[in-house]
Amino acid sequence: MTHCLILAAGEGTRLRPFTNDYPKGLVTLLGKPLVSHQISTLKALGIEDIAIATGYKAEKFDPLGFQTFHNKFFDSTNMVESLFAARSFLEQAQGDVLISYGDIVYEQNNLEAVLTTHGDIVVMVDDGWLDLWSARNEDPLNDAETLKYGKNGQIIELGKKPSSLDDIKGQYTGLIKIPYQKVADFISFYDRLDHALLYDGRAFEQMYMTSFLQLLIDAGWMVMPANVNHGWLEVDTVEDLQLYERLAAEEKLNTLWRAHE
């Protein structure tokens with residue numbers, strides 16, 4: 001059995017006014033909430049054990065009917081804290097665990113790539129990232145992050161500020177798989193971290209997920225890419241939403257992502 005935890009605690013201030021009354025993960029894209037797009041894709045591959053880590057306007061997720069875990073410090077913490085607000089979900093898992101950001105959508109074949117890739121940790125990496133970033137930004141380097149590979153194809157760096165396109169062999173997308181046999185080690189690794197240290201300049205409670213993944217890499221974990229080419233979107237701003245809706249109206253969005261029917 002594969003389990004999935006959707007991290008949807010964020011307030012989504014850059015998506016106002018859409019997030020005035022709803023959390024970021026419930027903003028609609030093509031008439032359907034972001035997390036509902038994900039849930040359709042997950043269920044299409046038989047993944048039914050889905051939980052949501054909530055924060056901002058948490059009660060808005062209740063009608064979906066899924067188990068929720070509340071990060072009550074959502075307004076002062078980050079993704080890693082939302083993940084471990086659902087610690088019991090990880091501990092009770094009887095199979096691989098998917099962790100997905102709540103502000104992304106992805107195609108079924110992308111999810112299949114993640115499920116069938118082996119590693120201590122697997123992350124979905126978009127090899128065609130530049131097309132999406134160029135559509136979203138005048139300068140793709142403004143919002144992109146580094147991603148570099150080692151000699152065995154493993155990821156050796158991610159989440160840093162790139163100095164050139166050469167620093168970006170693909171783009172981390174916010175979809176992660178922890179194989180069942182590594183879940184306990186994953187939790188233990190988190191528990192051993194020093195809360196007094198800064199992580200990429202941020203307090204422990206505000207650590208980015210990429211910083212946590214980099215710590216695993218530096219500790220010798222084989223973090224492997226599930227390489228895809230398009231087939232996913234990130235919705236971070238009003239401009240993103242407007243762009244995707246416009247491309248869909250022009251029948252051009254399919255080159256980047258196809259909604260699950």
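**Close-up 1. Glu-91 and Arg-87 lie four residues apart in helix α3.** In this predicted model, the two residues belong to the helix spanning residues 87–91, and because they are four residues apart there, about one helical turn separates Glu-91 from Arg-87. Glu-91 forms a salt bridge with Arg-87, in which the closest N and O atoms are 2.8 Å apart. Glu-91 counts as partly exposed, since its relative accessibility is 48%, and Arg-87, with a relative accessible area of 27%, is partly exposed as well.

**Close-up 2. A salt bridge joins the side chains of Glu-234 and Arg-136.** The N to O distance in this pair is 3.0 Å. Glu-234 lies in strand β15 (residues 232–234), whereas Arg-136 lies in helix α5 (residues 129–136), so the salt bridge ties together parts of the chain that are 98 residues apart in sequence. Both Glu-234 and Arg-136 are buried.

**Close-up 3. Lys-24 and Asp-103 form a salt bridge between distant parts of the chain.** The closest N and O atoms of Lys-24 and Asp-103 are 2.8 Å apart. Lys-24 is found in the loop between β1 (3–8) and β2 (28–29), while Asp-103 is found in the loop between β6 (97–101) and β7 (104–106), which places the two residues 79 apart along the chain. Lys-24 is buried, and Asp-103 is buried too.

**Close-up 4. Arg-14, Lys-24, Asp-103 and Asp-236 belong to one network of salt bridges.** These four residues are joined through salt bridges that share partners, and the pair formed by Lys-24 and Asp-103 has already been shown above. The structure as a whole holds 14 salt bridges.

Note on methods:
Residues are numbered from 1 along each chain as its sequence is written. This is a predicted model: local features need pLDDT of at least 70, side-chain atom pairs count only at pLDDT 80 or more; totals for chains, interfaces and linings use all residues. Side-chain values use heavy atoms; hydrogens and water are left out. Buried means under 20% relative accessible area, exposed over 50%, partly exposed in between (1.4 Å probe, protein chains only).
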